[in-house]
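Me: I want to know what stands behind each label used for this model. Let me ask, and give me the reasoning in short form.

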Amino acid sequence: MSDIALHDDEQVHHPFLQHQFEDLGQQYEASTLGMWMFLSTEILFFGGVLCAYWVYRLTYPEAWALGGQQQNTLAGGLNTIVLIISSLTMALAVRNAQLGNRRGTVAMLVATLFFGSVFLGVKTYEYTMHYREGLFPGVHFTWHEVPELAAKVQLFMVFYWSLTGLHALHMVIGVGLLLWFIWRAWRGHFTPDYYGPVEVMGLYWHFVDIVWIFLFPFLYLIPHFGVHHG
Amino acid sequence: MADDNENDHAVPHHITPLATYIIVFLALAAGTLLTWYASTIDLGWMNTPIALVIATTKAALVILFFMHVIYSSRLTWVVVIGSFVWLGVLFVLTFTDYLTRMWQIY
């Protein structure tokens, strides 16, 4: 009839093996590589904003130091630790999926969801305080402690809101994905032969953590020694 | 057709030991405290490079261990390293311009 192998000697197809792949191993490799391709574009997406941030930081160091002093370092530091913990629980979710531990996978994904939500809660508190203090750029911007630098501090706050806002958007998407993954893990979809989706979810979550690892020193810990205002 | 010896069609079964994850986590937490502490001391022009080195080290730990790149295929390494090469091109070309057009500021 034809020389195409019909794989009749193989076991029944895995329910989650997509038809374009020969086997689960090839599917795993393609999905993780594809995720890295996407993260590559994400690195350059955040990189573009950060590059502009550095151009202005080097141009207006006094304003950047003042802008950094408007931040709640305790809240930012706490959120950094919270996000690192959520990365640990995400990594442990992948490990549990690899081991075929369904309950462990669900528990670790729920923990990741919890810490991700704590991060967004703290971020919401910070945003609220900034807004009340008149630190939202635009017509409501009322920060004038150093009048001659107010416009440049406002520019810093544009970067603050853009960078943390884009990061928070990624967190919200991650939280939504986690809800879906918790449901799938609960249904027992993930096994030692099919943990690829959890791994890919982890790649996304860890990337968002890495972005924050840079945002914390860039936005909260700007050197202000020897900077003369005005 | 398929070469069984290549073994590139098996789902990777490498499982990172729990201890590795815990150690990486503790290193990341320590790095966070260190970057905060370093920012409270006047180190002159060194403050910014130190913050960058700590953040880059933390990112490398996450990429290598949490994201399993250290156990990944060569092709994944190429994409990961390639991403940062392009990020480098973005920064280097931008600053060869900005750092050389306004001498009076820098």
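Me: Where does Thr16(B) lie?

Reply: Thr16(B) sits in the segment before H1 of chain B. One caution first: this is a predicted model.

Me: What makes Thr16(B) count as buried?

Reply: The cut-off for buried is under 20% relative accessible area. Thr16(B) has 1% relative accessibility, so the label buried applies.

Me: Why is the pair Thr16(B) and Tyr21(B) called a polar contact?

Reply: The side chains of Thr16(B) and Tyr21(B) are joined at 3.4 Å. The limit is within 3.5 Å, so the distance passes. Leaving aside neighbours within four places in sequence, Thr16(B) is in contact with Tyr21(B), His68(B) and Tyr71(B), and with Arg95(A) from chain A.

Me: Which helix holds Arg57(A), and what does Arg57(A) lack?

Reply: Arg57(A) is in helix H1 (residues 24–59) of chain A. Arg57(A) is buried yet has no salt bridge.

Me: How do you know that Arg57(A) has no salt bridge?

Reply: The nearest side chain of opposite charge is Glu62(A), 11 Å away. A salt bridge needs nitrogen and carboxyl oxygen within 4 Å, so Glu62(A) does not qualify.

Me: What does the side chain of Arg57(A) join in a polar contact?

Reply: The side chain of Thr48(B), at 3.2 Å. Thr48(B) is also among the contacts of Arg57(A) outside four places in sequence, together with Trp64(A), Phe218(A), Ile222(A) and Pro223(A).

Me: How many salt bridges does a search of the whole structure find?

Reply: The search finds 2 over all chains. Side chains of opposite charge can pair when their charged atoms come close.

Me: Why is Lys123(A) with Glu126(A) called a salt bridge?

Reply: The N to O distance is 3.3 Å. The cut-off is within 4 Å, so the pair meets the rule. Both residues belong to helix H4 (residues 102–132) of chain A; because they are 3 residues apart, about one helical turn separates them.

Me: Are Lys123(A) and Glu126(A) buried or exposed?

Reply: Lys123(A) has a relative accessible area of 2%, and Glu126(A) has 1%. Buried means under 20%, so both are buried.

Me: What makes Asp97(B) and Arg101(B) a salt bridge?

Reply: Their side chains meet at 2.8 Å, N to O. That is within 4 Å, so the name holds.

Me: Why are Asp97(B) and Arg101(B) called partly exposed?

Reply: Asp97(B) has a relative accessible area of 33%. Arg101(B) has 48%. Exposed starts over 50% and buried lies under 20%, so both residues fall in between.

Me: What is the area buried between chain B and chain A?

Reply: About 4,700 Å², with carbon and sulfur atoms giving 77% of that area. His9(B), Val11(B) and Met67(B) supply 14% of what chain B buries against chain A, more than any other three residues. The contact takes 54 residues from chain B and 54 residues from chain A.

Me: How many salt bridges and polar contacts cross the interface of chain B and chain A?

Reply: The rule finds 0 salt bridges there. It finds 7 residue pairs in polar contact, both residues at pLDDT 80 or more.

Me: Which elements give two or more residues to the side of chain B that touches chain A?

Reply: Helix H1 (18–39), helix H2 (47–66) and helix H3 (74–98) of chain B. H3(B) gives the largest share, 13 residues. The residues on this side of chain B divide into 36 nonpolar, 16 polar and 2 charged.

Terms used: Residues numbered from 1 in each chain as written. Chains lettered and ligands numbered in written order. Predicted model: local features only at pLDDT ≥ 70, side-chain atom pairs only at ≥ 80, totals over all residues. Heavy atoms only, no water. Contact = heavy atoms within 4.5 Å. Buried area = accessible area lost by both parts, 1.4 Å probe. Polar contact = N/O pair within 3.5 Å; in protein donor to acceptor, adjacent residues only side chain to side chain. Helix = DSSP H or I, 4+ residues; strand = E, 2+ residues; numbered from the N terminus. Nonpolar A, V, L, I, M, F, W, Y, C, P; charged D, E, K, R; others polar. Buried < 20%, exposed > 50% of the residue type's maximum accessible area, 1.4 Å probe, protein only. Lys, Arg positive; Asp, Glu negative; His and termini not counted.
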